[in-house]
Amino acid sequence: MRTLTLIDAIKEAYQEELRRDDDVFMVGQDIRGGIFPHTKGLVEEFGSDRILDTPIAESGMYGVALGAAQEGMRPIVDFMFGGFSYVTFSECSVTTGQYHFLHGSQRALPITMTAGVGTGQRLANDHAMSIHGTFAHHPGIKVAMPSTPYDAKGMFKAAIRDNNPVMIPWHMGIMMLKGEVPEEDYVVPLGVADIKREGTDVTVLANSLQLQNALKVADKLHGEGISCEVIDPRSFVPFDLETVLRSLEKTNRLVVVDEDWESGSFANTVSAKVMEQGFDLLDAPVTRVTLPDMPVPGGYMEDYIAPNVNKIEAAIRSVLARIAA
Amino acid sequence: MNTALKTTTLSHEQKVKLFTNLVRGNHYDKMMYRRMMQGKLIGFYHPAEGGVAPGVGACSFLNQDDNLNPHHRGHGIIHMISKGVDVRTFLAEHTGKDTGCCKGRSAWHFSYPEHKVYQQSGFIGHNFAPTVGWGWAAKRRGKGQVVMNCSGDGSYGEGRAHESLLMAQNWKLPVIFFCENNSMAIFASAEEMHPLPDISSLAQGFGMPAMVVDGQDVFAVAEAALVAIDRARRGEGPTFVECKTQRFKEHDIGTPDLRGWEERSDEEHQQMRNREPVTLATEKVLADDVLTQLQIEDIHEAALREIEEVEAFADNSEIANPTEEELMAAVFAD
């Protein structure tokens, strides 16, 4: 099968959906010129009316999407870097998340939001922070992030077709990751986790760049006879807890890798849910690999604090070292 | 008024409509105030008394498919009745009833998508961002729809206001930036919070035409609004209309009536009340032979009867009482 990079798989999702539905359009800053390659060249096919550049005015820019969605259109908003979404956070999170519910289910907001996120570029906090946990905290917005080119195309298409607001960032650390991507139309439904590697000794829940890291660790530990089941949540909201609990019936041990700050993170939510709903399945405490509660430093220091293969391996070994009661 | 802008003359029917909506709006505001004091309204109420003319002038000649963001003062009721929204479900919503326009979930965050009144936000100035989107969608459709974006002097402190002015003028969107300047944002005096006496001076920096009108004179407001609406419909872009208006009452019921940190003076109140908009309009329609005293009394009576029906609808409805499961199922759309 044909291979594409993750970023080109996202672009193909845009192209197919823009062709399929006239109500779909993109708004952002310098997306026509392709500040990141997922929008490069789109303006040539779809024109400046549908690949819309705004001034550096995030509220106004997001307002194009919000107002147009209320008018029945299906905007895709590109925040460029995830941290930039916070400039208009009250609109894109609070107002957007509450809209359908608070206003009596009269009108849904089919807005797709995206941005590049994550460590690896040594750009420091505002250009490196993860945003999925923060958006997941605010009810009314679906939140997802792809880990492979295949998922990227299918999940972005699912997000664009969803009648709800969806925040679907992509990790800059796997932007050029190559993988098989079908040329035909398909969607990967939001809210369905995916077992990326089957195993029996320990379950590792990881996403995006960290999913790729977890797979590397699983390969290495396989040589020692340790069998890791690696699950990609794919969506944080809605979250497919069932798949994780089913896996724990087999492995009884869970490591959650989440490239987000420890406090208030998705990893904590998973840990709490597993404790409440799967306590009897556990032979060891749920162990988390997260960013420490400090602003993400730039430069080489980023490498010391970000989740990586060594930290994931250490966490797996620590939960395996626990003797079942 | 900016000399480059055209002027308009109101017809007899337009004057009668404006006077009628002004009387209705004023009675609606007083009803809301009374109900809040009676404990028959949920949340809070930001009284509009003294500042009811701008909303009537802005909205009486909008079409159903024009977008409207109502001013938060009066909780938008004056703007909405002027646009033709049936507000029975608004009052039901504001009393927590299951017949409310938002199923009793919103307190006062009403929305009427079929009238393109999409939201009332709890954030002042959060009209400005979606206004760009409404304007952009209207322009893209090319059917001559306009966006009436009403908010107060205080809202123009938000950076969003400036972004919205920038983008609306850049793209020549059919938007009316309709500023109801009552010179008060909670307690803060506009004189102290803005560098120039006219908020509409902002428009100059974007090359946007602007008008300043007497916001106590509903007819003057409507003339300005019609000029701006006409420009927008013809694709000539946005206009800034600033109405100099008043706020007779405190910010919201129960807060002290301060300017800055001091009680507003009796002199200020007396001066304001000399320019009460319904009194001014009544004098004018009588002097210009638009309406007789008898017709005026009929208009008041009809307004009071209408409001009685609106209150009865709310009062006779049940308190919304969904289960938590039902509410959870409503967080996302299908």
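# Close-up views of a predicted model

**View 1. A buried charged pair at the contact of chains A and B.** Both B:Arg160 and A:Glu91 are buried in this predicted model. The two side chains form a salt bridge, in which the closest N and O atoms are 2.4 Å apart. Because B:Arg160 belongs to helix α6 (residues 159-170) of chain B and A:Glu91 to helix α4 (residues 89-102) of chain A, this pair joins two chains. Over all chains, the count of salt bridges comes to 47.

**View 2. The salt bridge between A:Lys153 and A:Glu16.** The side chains of A:Lys153 and A:Glu16 meet with an N to O distance of 2.8 Å. The pair links distant parts of the chain, since A:Lys153 is in helix α7 (residues 149-161) of chain A and A:Glu16 is in helix α1 (residues 6-20) of chain A, 137 residues apart. A relative accessible area under 20% defines a buried residue. A:Lys153 has a value of 0% and is therefore buried; A:Glu16, with 16%, is buried as well.

**View 3. The salt bridge between A:Glu17 and A:Lys157.** In this pair the N to O distance is 3.0 Å. A:Glu17 lies in helix α1 of chain A and A:Lys157 in helix α7 of chain A, so the salt bridge ties together parts that are 140 residues apart in sequence. A:Glu17 counts as buried, at 0% relative accessibility, and A:Lys157 counts as buried at 1%.

**View 4. A network of salt bridges in chain A.** The residues of the two preceding views, A:Glu16, A:Glu17, A:Lys153 and A:Lys157, are among the members of this network. Also linked in the network are A:Arg2, A:Glu12, A:Arg20, A:Arg161 and A:Asp185.

**View 5. A nonpolar patch on the surface of chain A.** A:Tyr300, A:Met301 and A:Tyr304 make a nonpolar surface patch of about 420 Å². Within this patch, A:Tyr304 is located in helix α11 (residues 301-305) of chain A. Exposed residues are those with over 50% relative accessible area. A:Tyr304 counts as exposed because its relative accessibility is 58%.

**View 6. Two crossing helices in chain B.** Helix α1 (residues 12-37) of chain B and helix α11 (residues 277-287) of chain B have axes that come within 10 Å and cross at roughly 155°. Therefore α1(B) is roughly antiparallel to α11(B), as angles over 145 degrees count as roughly antiparallel. The crossing in which α1(B) passes α11(B) is left-handed.

Note on methods. Residues are numbered from 1 along each chain as its sequence is written. Chains are lettered from A and ligands numbered from 1 in the order in which they are written. This is a predicted model: local features need pLDDT of at least 70, side-chain atom pairs count only at pLDDT 80 or more; totals for chains, interfaces and linings use all residues. Side-chain values use heavy atoms; hydrogens and water are left out. Patches are made of residues with over 30% relative accessible area and no salt bridge: like charges are joined within 9 Å, nonpolar side chains (Val, Leu, Ile, Met, Phe, Trp, Tyr) within 5 Å. Accessible areas come from the Shrake-Rupley method with a 1.4 Å probe; for residues, only the protein chains shown count as cover. A salt bridge is a side-chain nitrogen of Lys or Arg within 4 Å of a carboxyl oxygen of Asp or Glu. Helices (H or I, at least four residues) and strands (E, at least two) are DSSP runs, numbered from the N terminus. Buried means under 20% relative accessible area, exposed over 50%, partly exposed in between (1.4 Å probe, protein chains only). Axes are lines fitted to C-alpha atoms, for helices over the stretch in contact, and angles run from 0 to 180 degrees between N-to-C directions. Angles under 35 degrees count as roughly parallel, over 145 as roughly antiparallel, 65 to 115 as roughly perpendicular and the rest as oblique. A crossing is left-handed if the near helix is turned anticlockwise from the far one by less than a right angle, and right-handed if clockwise.
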